[in-house]
Amino acid sequence: MLRVELFENIRRDRKFEGSPIRELARRHGVHRRTVRQALKNAVPPARKEPVRVAPVMGPFKGIVRGWLEADYDPGGRVPKKQRHTATRVWQRLVDEYDARVSYSTVRNFVRGVKAELANRTRDVMIPQVHLLGKEAEVDFGLFEVLISGEQVRVSMFVMRLSASGKAFHVAFANEAQEAFLEGHRLAFEYLGGIPERIRYDNLKSAVSKVLEGRNRHETERFIALRSHYGFEPFYCEPGIEGAHEKGGVEGEVGRFRRNHLVPLPQVNSMSELNLLIAECDRPDDSRHIDHRIETVGQAFTKEVGQLRPLPAEPFDTATPTSCRVDTKARIHVRGCHYSVPARYVGHKIAVRVGADHIEARHGAKTIARHDRGVHRGSQHLNLDHYLETLITKPGALASSLPLELARQKGLFTATHDKYWRAARRKLGDPKGTRALIEILLAQRHLPAETITAAIEETLQAGSINPEIVISQAREHHRRSTQQTATPINERLRGYDRAMPSLASYDSLLKAAAL
């Protein structure tokens, strides 16, 4: 029986029967002292903890406590895995002090001291209030994705407003400084304003050197970015000790990854992946954070008016550099190769390295633009950059890497292959390949779909003349702009005429001879 129920029965018998204390003690099988306690108070008094003495352990308590306190000293550098265990403490007492103490006694004492020291060194968190428009947090998170069937690891830039919980996500191939800066620009444009302060850990894109306390040497590009947008940085303590200082964005990275990136997304490019991520951001406005009555979207509606306005011009996040074009008409940028037109072989050209693209320039003219490679060592070659060279080396086209990459991207279609086979069969390999290259050169000025349609029509008409293909492609282009088009059969009349005959002149010569 519970002591509370026992006290209740004693008090009831006393109240309704008036039984004396001795009778109540006999009836309930307790001491008269317990009866008096029950009559005095309905709640049983707390049991007294017995004070246990440890005559054997007593002389060594101070020594053991000193060992354990040295292990937990914040100023010390004792690794966690090399601190004293109960077994090690007992061994040292026996070996160094010839102590006659049991292991269980030492173990119980060590357990109590360790619990006390852990409570003493435990960091206490102070609840924080987040005012509208005042603060945001930034971090990167990694996740896996299937790009064209290949599983690769990419980075996700996340900016989260601390007050409303509204977050922006965008994926990059890496965490380079261009991605860090571009993520800020895109986030500010997505949110429609700029918070007063942004929390960071010590990302290399922003911090070149960690100083004492929260002081940092910042990179020049990051200083230029925050000067342009006018926000203040706040740096968390290095290591695991500062992780809680931006727990909102770290939790957001995990939440988004679990809810929207499982199972692995399957896309064909980084651009398609970011379209998918943008679609995932929209329904998140209807969720609730920390049992708030307002949704994230409702809270953000209030906060967006408190953000600082965007500047008139966005910050240029690309990094300028220069590269020399190698003999394969390529430049080497951040571990990847990118093609440029073959006429620039040997030249040193300007390159702008963006978060998601590479732009090559010669003077004021952009001569090549590529999406940034995901893998180091990857090659991004545009077949169009090699066409002038292939005119003089037609035999190199069949086994060329630019052609294979164009096939993989769908730029060199089955229709192109069909024409190429027909042209080589009729004109031979060199001339047939040159005829194909003439058509590919025309794609610089005409839409690819008009070229493809023109090839099909020309082949159906029984011709492989590249001039016919180009002429018919122009007709398709005029038709798309609502201009009158000439049927292909009529256009072929000017090209596929019978060979001229000299028979009439021969007959005249014969007549003159007579």
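**View 1. Classes of residue around the largest cavity.** Seven charged residues join two nonpolar and two polar ones in the lining of the largest cavity. The model shown here and in the other views is predicted.

**View 2. The largest cavity and its lining residues.** The volume of the largest cavity is about 60 Å³. Across the whole structure, the search finds one cavity of 30 Å³ or more. Acidic and basic side chains in the lining include Glu 252, Asp 281, Asp 284 and Asp 285, along with Lys 166, Arg 255 and Arg 287. Gly 165, Ala 167, His 169 and Val 296 also line the largest cavity. Two elements, β3 and α9 (247-260), each give two or more residues to this lining.

**View 3. Centre of the largest pocket.** The largest pocket holds about 1,500 Å³ of space. Its lining has 47 residues. Closest to the centre are Ser 269, Asp 371, His 380, Lys 409 and Leu 411.

**View 4. Helices and strands that line the largest pocket.** Several elements give two or more residues each to the pocket lining. The strands are β2 (150-161), β3 (167-172), β14 (365-371) and β15 (379-380). The helices are α7 (177-191), α10 (270-281), α13 (401-409) and α16 (448-460). Helix α13 gives the most, with five residues.

**View 5. Classes of residue around the largest pocket.** The lining of the largest pocket has 20 nonpolar residues and 18 polar residues. Nine charged residues complete this lining. Among the residues closest to the pocket centre are Asp 371 and Lys 409.

Key:
Residues numbered from 1 in each chain as written. Predicted model: local features only at pLDDT ≥ 70, side-chain atom pairs only at ≥ 80, totals over all residues. Heavy atoms only, no water. 1 Å grid on protein atoms, 1.4 Å probe; cavity = no way out; pocket = protein on both sides within 12 Å on 5 of 7 lines; lining within 4 Å. Points joined across faces, edges and corners; volume = space filled by probe spheres on them. Helix = DSSP H or I, 4+ residues; strand = E, 2+ residues; numbered from the N terminus. Nonpolar A, V, L, I, M, F, W, Y, C, P; charged D, E, K, R; others polar.
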